[in-house]
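Student: I've got a model open and a few labels I'd like to see justified. Can we go through them one at a time?
Tutor: Sure, pull it up and ask away.

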Amino acid sequence: STDLNALVVTPDFFTYVQESPASIMINYFLEEPVFKGVFNIIKASVSDLSYQNDIATSQINLIKQSMDIIDRILEFQDTYTEELLPILKKHQNNNYMIPKDMGTHGLGSFYDAIFFNLDIIAHFGLYVGVTNYSIASKSVSILNKLSLRYAVDSSQQYGQNKLLVIFDAVDESARIKDAFISQLELPIDSDDSLNIKLETLQFLNDNLSFTDQSVTVSHFLLGFHVTNILSTGPKLSTFIASETSLFKTILFLLQSSLESLDPTNIEYAPIRLASLSMEILLKLCRNPTTSKIVSDVLLEYGFFEIVVELDPVVTKYTVWEGQSYHSVSSEDIDTFVNSTSIGALLSFLSYRNHLIQFLSLFIHRISVVGTGSQLLSYVDLLISNIMYSAKVFSFLNTLGYKNIPVDRKLVDSVSQLRSLPLDLTKVDLAQNCTGQVFDIENINNMLKLFKRSHEPVSSSMILTNAEEKNKYHAEMDAEIANVK
């Protein structure tokens, strides 16, 4: 356990909570006139954001700030209601001015305030398609929180996702799907344009499951016709049965990513896009709710032949984002692991894992519902060796890579961190393809708290021996740097 009093500059943690402006700010924001004012800022016409003038620029900045506030409130509101409010009410000190009506002002949560305003949710969906990537990214972040908060709405007869019910009911239903399609179809001409595609694919992926048969907002956005029974819908734009749908956009994105790969030098961005796209398709193929529908669509599309033909044939001499793994030694392993090279390698392994599962599922389905000649034609694609070795062998090639060398002395030297519950197996790749490869924000925060809670005096801010304090900080910083 951690002594919370050691983490703050005030005499104790309770005093810190009362002095912090965060609780007061959240309290006032949860008042209806305040959050409705922010909602009204966001309810601008999406087309107005395309104008190039001072008024449009000011409006865009206001929308950015408003959406950032909403995203932060959704992130911290549980801490406010479950931790900070009880402290403020139980340990109230007359020396601090705390509002008499401190609380949630009749709201179960801020999510309720949003779900009571259907038009604001529609705007979040429409903003995904804008070319201002800050607004689009924040929209995806908010939508993801909304969808996962109420994964299944028990009040609905078919147990549908609450965000799905709203998206399917509002007048802008088709435009929202178009917004997602437009964003994924925009050219990748900057880091921001790549990142928003990764975030959008991850949003769709997070709302799909290999086994859970609940219908989610991802099914709606992909173009399924959501009724008692899922189907590809009518031949109207945005439905899978038509020529234009988010599902087919993902197929095209996957195909384009594979076509851009050079087997001698696997770049991080295209293989990351391919891996996420393939995972979405695999979830749809494995889930009993969508398996038959998606398999039939992919069969008609010729998807099996496309991925087999375009799969990059890598060898142990393939370089990953410009660096070779085969020649990595213990001396330069840090360069490989701390660069996008490791991201490219891990994304390729992830893609190959998803692909092998898909191929096995597809072959099994054809063996059950197809003809013998159909099955033979697909098997031949995998075992044909007219010019090269059988394709299936390249899928199973381990490349002869050895494990990444580990410096045991470095691991053993981090003695003070052994008590921390650090589960590095749960560290995911960062949302972007530049800079830090892994998302270690939570680990960084934990290490910072650990450092502050283990300083030599209970209240680190009243140390008088500056030399001793600086020496201790230097030692802790060194150990934390070793962990990173």
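Student: How do you know how many disulfides there are in the whole structure?
Tutor: This is a predicted model, and a search of all of it for cysteine sulfur atoms within 2.5 Å of each other turns up 0 disulfides.

Student: What makes Cys285 count as buried or exposed?
Tutor: The cut-off for buried is under 20% relative accessible area. Cys285 comes out at 6%, so buried is the word. Cys433 gets that label too, with a relative accessibility of 9%.

Student: Which term describes how H6 sits against H8, and why?
Tutor: Their axes are 10 Å apart and meet at an angle of about 90°. Anything from 65 to 115 degrees counts as roughly perpendicular, so that's what H6 is to H8.

Student: Which residues make that contact?
Tutor: From H6 you have Leu118, Ile121 and Gly125, and from H8 Leu163, Ile166 and Phe167. By type, that's 5 nonpolar, 1 polar and no charged. Gly goes with the polar group by convention.

Student: Why are E1 and E3 said to stand at the edges of the sheet?
Tutor: The open sheet has 3 strands in the order E1-E2-E3, with mixed pairing. E1 (265-266) and E3 (323-324) each have a single partner strand, so each has one side without a neighbour in the sheet.

Student: And what makes E1 and E2 a pair?
Tutor: Pairing takes at least two bridges, and E1 and E2 (residues 319-320) have 2, in the parallel sense. Look for Ile266 opposite Trp320 of E2.

Technical notes
Residues numbered from 1 in each chain as written. Predicted model: local features only at pLDDT ≥ 70, side-chain atom pairs only at ≥ 80, totals over all residues. Heavy atoms only, no water. Axes fitted to C-alpha atoms, helices over the stretch in contact; angles between N-to-C directions. Helix = DSSP H or I, 4+ residues; strand = E, 2+ residues; numbered from the N terminus. Parallel < 35°, antiparallel > 145°, perpendicular 65-115°, else oblique. Contact = heavy atoms within 4.5 Å. Buried < 20%, exposed > 50% of the residue type's maximum accessible area, 1.4 Å probe, protein only.
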